[in-house]
Amino acid sequence: MSTGLAPDLTDLRQARLVEIVDAITSGLRDVVETHGVTEDEWRGALRFLTEVGVHEEFVLLSDVLRLSVLVDALSHPDGAGITPSNVAGPFWRPAPFLDEPATLVGEDEPGERLVLRGRVTAGDGRPIADAELDLWHCNAEGLYDVQLPEAEGPRYRGRLRTDADGRYEVRTIVPPPYEVPKDGPVGRLLAALGRHAFRPAHVHYRAEAEGYAPLTTMVFVAGDPWLGDDVIGADKAGLTVAIDRSRTPAEDRHRPCAVPRPDVRRRVPVRITATDLRSTVRCECRLWLRPTVAIGAASYRVAP
Ligand SMILES: [Fe+2]
């Protein structure tokens, strides 16, 4: 009950709950009435929701209905000169800090070798030193480590800090597009609707720095065939970066998931530049970050 001196938060929350549930109820009743939903159809809908709960797929359902991205966007509005926020997805896990040189994959990990570089800056371009970055992505088969029964400990994920100039560098592979789990009720719904389950290739980021708002986002690989048709609708403009393969030998361009040749990989120096190896390619991109934290001038480099 309100004291009359200040709004009673309990009352406000209850009023908001009542308002939103009333709106949902009204919308559902409209759908049922407008489309003449039958008893069989309604029982089928209730069975489906029960299965979603049993399979713990409500988050996935929220994702493919593109509600997760909408809620994230409402909670973290885009702004000029900032990198858009994005959903963390279901595969974030605590990850260790990486030793130098930072690498997210083992020596023999299949996949196109990638050196991911960039900067963390404020909105006005000032570098942010000692910012904590948390990166995670899938393997060359489109699976996160938590989806691998044989995985022991974190893989394809890790944390690192920016240097005094706000720069960071991490070695990994170029992640491919992947399908969200489709062996449960949500997958059956997608199939019944004639929808695919693909997400365009991406790397997840979390950035934190003292005095700045945390940022969670993801960066998409330009040219991915599923860009513009992400099953969860997270492929926002301004989060796409290009991988420049112009210096990659022609024979390598068509083997994006090939295991790197060990003899060539050993020649890769700690810091690759476009001129170190003829087959090294470079990708430059700039990301506009959230109001108080920025990851700018990120670069992707693909090592042979
Ligand atoms: Fe992902």
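This report covers confidence, helix α1 and the nonpolar core of a predicted protein model.

Residue numbers start at 1 along each chain as its sequence is written. Because the model is predicted, local features need pLDDT of at least 70, side-chain atom pairs count only at pLDDT 80 or more, and totals for chains, interfaces and linings use all residues.

**Confidence.** The mean pLDDT (the predictor's per-residue confidence, from 0 to 100) is 79. At least 70 is reached by 78% of the residues. The protein has seven helices and 11 strands, taken as DSSP runs (helices H or I, at least four residues; strands E, at least two) numbered from the N terminus. The extremes of mean pLDDT among these elements are both helices:

| Helix | Residues | Mean pLDDT |
|---|---|---|
| α2 | 39–54 | 98 (highest) |
| α7 | 262–265 | 29 (lowest) |

Over residues 248–304 the pLDDT is below 50. Where pLDDT is low, predicted coordinates should not be read in detail.

**Helix α1.** This helix covers residues 9–35. Its 27 residues reach 39 Å from first C-alpha to last, close to the expected 39 Å (1.5 Å times one less than the number of residues). None of them is buried (20 or more other C-beta atoms within 10 Å of a residue's own, placed from the backbone). Gly36 follows α1, with a positive phi near 55°.

**Core.** The largest nonpolar core (buried Ala, Val, Leu, Ile, Met, Phe, Trp, Tyr and Cys joined through C-beta atoms within 7 Å) holds 44 residues. Strand β8 gives the largest share, five residues. Met218 is among the residues with the most contacts inside the core.

Key
Two residues are in contact if their C-beta atoms, placed from the backbone, lie within 7 Å. A residue is buried if 20 or more other C-beta atoms lie within 10 Å of its own, exposed if 12 or fewer, and partly exposed in between; C-beta atoms are placed from the backbone.
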